[in-house]
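Dear colleague,

Please find below the structure that I am handing over to you. My notes on what was found in it follow, and I would be grateful if you read them with the model open beside you.

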Amino acid sequence: FHKINFIMKNEEFDFVELFGGICGFLQGFTQAGWKFRNHYYSEIDKHAIAATKYNFKNSIHVGSVEHITGKRAGMEGARSSLIGQAIRLIDETRPPVFVWENVKGAYSSNEGRDFQAILREFTNLGGYRLEWQLLNTSWVLPQNRERIYLVGHLAGRSFPGVFPFTENDRLFNQQGQPN
């Protein structure tokens, strides 16, 4: 994500993590030097909430994603799925960059039609360029876990070009500092 970092690192903005878990994205972006005015996170698991409150004392828990509203009245039509709620919030708030992460099975779910539907919904937001890739966390962490990462860039606010990312890419030099 150092390429996104190029244009936005010096901006200070609000960061929202939906289905935040223990807010690993906040940790990663913070370590990469990003600055945030506020960090909001949506999570329903009590253990993940407790870990986030302990590790990020200034973060603001906003409850379930189903109860969050953005600046506008919302998208037309009812959406009941959690991904639908995330897409609704992206549409309402229009962040300059968003990251969607999911399990490898999202590619093949319903013979690939579910992933195509998700891409269509993100595309229908208008103004975002999308890029995605299947990555294995074993490339950078001591675990073997394949995940899909999709990055949406709002036109004029950030530049695409995060992917492709390969196992042989080196994000850190010998001292553990970003290149």
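**Findings: helix H4 and its surroundings**

The buried residues of helix H4 pack against three elements, namely strand E4 (97-103), helix H6 (113-124) and strand E5 (128-136). Please keep in mind throughout that this is a predicted model.

Before the details, a word on the whole chain. The protein chain contains 6 helices and 6 strands. Followed along the sequence, these elements come in the order α-β-α-β-α-β-α-β-α-α-β-β. The chain has 179 residues, of which 37% count as buried. If one takes the contacts between residues at least 6 apart in sequence, 52% of them join residues at least 24 apart.

**Helix H4**

Helix H4 covers residues 82-93, which makes 12 residues. At 1.5 Å a residue, H4 should span 16 Å, and this agrees with the 17 Å that separates its end C-alpha atoms.

How many of the residues of H4 are buried? The count is 9 of the 12, so H4 is largely enclosed by the rest of the structure. You can locate the buried residues as Gly84, Gln85, Ala86, Ile87, Arg88, Leu89, Ile90, Asp91 and Glu92.

One of these deserves a separate look. Aspartate 91, a residue of helix H4, has a relative accessibility of 12% and therefore counts as buried, since the cut-off is under 20%. Aspartate 91 and leucine 125 are 34 residues apart in sequence, yet their C-alpha atoms are 6.1 Å apart in space.

Alanine 86 offers a further example. Its C-alpha atom is 8.8 Å from that of glutamate 66, although 20 residues separate the two in sequence. Glutamate 66 is found in the loop between strand E3 (60-61) and H4. With a relative accessible area of 44%, glutamate 66 is partly exposed.

**How H4 meets H6**

Two packed helices are described by the angle between their axes and the distance between the axes. For H4 and H6, the angle is about 15 degrees and the axes are 10 Å apart. H4 is therefore roughly parallel to H6, because angles under 35 degrees are counted in that way. The crossing of H4 past H6 is right-handed.

Which residues make the contact? On the side of H4 they are Ile83, Ile87 and Ile90, and on the side of H6 they are Ile118, Glu121 and Phe122. Sorted by character, the residues of this contact comprise 5 nonpolar and 1 charged, with no polar ones.

Helix H6 also holds leucine 119. This leucine 119 counts as buried, at 9% relative accessibility. Apart from neighbours within four places in sequence, leucine 119 is in contact with Leu130, Trp132 and Leu150. The C-alpha atom of leucine 119 is separated by 9.9 Å from that of glutamate 131, which comes 12 residues away along the chain.

**Two residues with positive phi**

Arginine 94 follows H4 and lies in the loop between H4 and E4. Arginine 94 is not a glycine, but its phi is positive, at about 50 degrees. Its relative accessible area is 26%, so arginine 94 is partly exposed.

Glutamate 111 is likewise not a glycine and has a positive phi, of about 55 degrees. You will find glutamate 111 in the loop between helix H5 (105-108) and H6. Is glutamate 111 buried or exposed? At 69% relative accessibility, glutamate 111 counts as exposed.

**A loop earlier in the chain**

Finally, please look at glycine 21, which is located in the loop between strand E1 (12-17) and helix H2 (24-31). Not counting residues up to four places away in sequence, glycine 21 touches Glu43, Ala48 and Thr52. Glycine 21 and serine 42 are 21 residues apart in sequence, and the C-alpha distance between them is 8.3 Å.

With kind regards

Technical notes:
Residues are numbered from 1 along each chain as its sequence is written. This is a predicted model: local features need pLDDT of at least 70, side-chain atom pairs count only at pLDDT 80 or more; totals for chains, interfaces and linings use all residues. Side-chain values use heavy atoms; hydrogens and water are left out. Helices (H or I, at least four residues) and strands (E, at least two) are DSSP runs, numbered from the N terminus. The expected span of a helix is 1.5 Å times one less than its number of residues. Buried means under 20% relative accessible area, exposed over 50%, partly exposed in between (1.4 Å probe, protein chains only). Contact means heavy atoms within 4.5 Å. Axes are lines fitted to C-alpha atoms, for helices over the stretch in contact, and angles run from 0 to 180 degrees between N-to-C directions. Angles under 35 degrees count as roughly parallel, over 145 as roughly antiparallel, 65 to 115 as roughly perpendicular and the rest as oblique. A crossing is left-handed if the near helix is turned anticlockwise from the far one by less than a right angle, and right-handed if clockwise. Ala, Val, Leu, Ile, Met, Phe, Trp, Tyr, Cys and Pro count as nonpolar, Asp, Glu, Lys and Arg as charged, and the others, Gly among them, as polar.
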